[in-house]
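Trainee: I should like to request a close look at a single part of this structure, set in the context of the whole.

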Amino acid sequence: ADGVSLVSPGKLTVCTHLPFAPFQVNDDSGKTVGFDIDLVNLVAKRLGAQTAIIDTPFEGIKSGEDMATGKCDIAAAGMTITDARKEAILFSEPYFDATQALLVPEGEDVESLEELEGKKLGAQSATTGLDYAQAHPECGCEIIEFQDLASLTQALMTGQVDAAINDLPVWTEALKANPGKASISTQFDTGEQYGLGMKLGNKSLKKVVDEVLAEAKSDGSYDEIYKEWIGD
Ligand code: ARG
């Protein structure tokens with residue numbers, strides 16, 4: 001349909017990197033669900049295709065490699081649109097706004113990176129949170145990388161790091177699962193926006209994706225998805 005050719009006919013093959021709740025996470029039955037999954041399901045529906053999810057390291061997603069090599073048609077990974085990534089990825093129109101935030105153990109208060117002097121700051125590999133930490137040497141902190149959000153969150157909860165940096169909405173979600181154990185001590189207004197990522201030049205898929213996103217925003221389905229995964 002619409003001149004779109006899919007890497008595996010009849011399927012919209014989606015690369016994501018788990019877990020990144022509330023955008024992508026496995027539910028108790030092992031099914032991948034979340035905000036981004038609801039969005040790509042709308043795209044798949046429009047294409048008359050089934051959604052097929054591939055869980056793969058974020059590095060291959062953000063470098064554009066997974067889409068360039070045909071591992072997947074589209075990346076749905078809470079991925080921030082950046083100028084550098086645009087060189088290798090065709091992004092949809094933005095669908096979500098985010099900033100960076102620091103998660104700290106309950107009772108701690110870190111209002112600026114400088115307060116982490118000589119301490120350990122955890123960050124997720126290949127992400128804009130890691131980029132932000134590395135771009136602020138005034139932190140004077142030791143940056144420790146974790147492959148995924150689960151191991152980063154675990155490191156913070158068990159005291160292996162003094163603070164952890166990642167996107168605000170995932171920390172908000174993590175606090176729901178760990179009440180009273182940690183808090184968000186500050187935010188850095190990075191003005192990030194998430195986009196779905198496609199292979200450079202795949203204009204026919206981007207056209208469908210952008211149309212589906214625009215429609216979802218105007219017909220109320222985006223608001224429903226937002227309410228379900230983020231809240232009011
Ligand atoms: N928004 C951040 C970025 O683009 C983090 C995304 C990480 N996503 C994931 N599914 N692990 O770098």
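Where does the ligand lie with respect to domain 1 and domain 2, and why?

Mentor: This is a predicted model, and the ligand in it lies between the two domains, because both of them give residues to the shell around it. Domain 1 is made up of residues 11-95 together with 195-229, while domain 2 covers 99-192. The shell counts 14 residues, and the closest to the ligand are His-17, Phe-20, Ala-77, Thr-80 and Thr-127. By character, the shell residues divide into seven polar, five nonpolar and two charged.

Strand 7, at residues 96-105, deserves attention next. Seven of its ten residues are buried, so strand 7 is largely enclosed by the rest of the structure. Strand 7 pairs with two strands in the antiparallel sense. With strand 11, residues 182-194, the pairing runs over nine bridges, and there Leu-103 has Ile-184 as its bridge partner. With strand 10, residues 163-167, strand 7 forms four bridges, and Ala-101 stands opposite Asn-166.

These parts belong to a protein with nine helices and twelve strands. Its C-alpha trace spans about 55 × 35 × 30 Å along the principal axes. The radius of gyration is 18 Å, which agrees with the value near 17 Å that a compact globule of 232 residues would have. Of the 232 residues, 41% count as buried. Among contacts between residues at least 6 apart in sequence, 73% join residues at least 24 apart.

Definitions and conventions
Residues are numbered from 1 along each chain as its sequence is written. This is a predicted model: local features need pLDDT of at least 70, side-chain atom pairs count only at pLDDT 80 or more; totals for chains, interfaces and linings use all residues. A residue is near a molecule or strand if its C-beta atom, placed from the backbone, lies within 6 Å of it. Ala, Val, Leu, Ile, Met, Phe, Trp, Tyr, Cys and Pro count as nonpolar, Asp, Glu, Lys and Arg as charged, and the others, Gly among them, as polar. Domain bounds come from an automatic or database domain assignment. The radius of gyration is taken over C-alpha atoms; the globule rule is 2.2 Å times the number of residues to the power 0.38. A residue is buried if 20 or more other C-beta atoms lie within 10 Å of its own, exposed if 12 or fewer, and partly exposed in between; C-beta atoms are placed from the backbone. Two residues are in contact if their C-beta atoms, placed from the backbone, lie within 7 Å. Two strands pair if DSSP finds at least two bridges between them.
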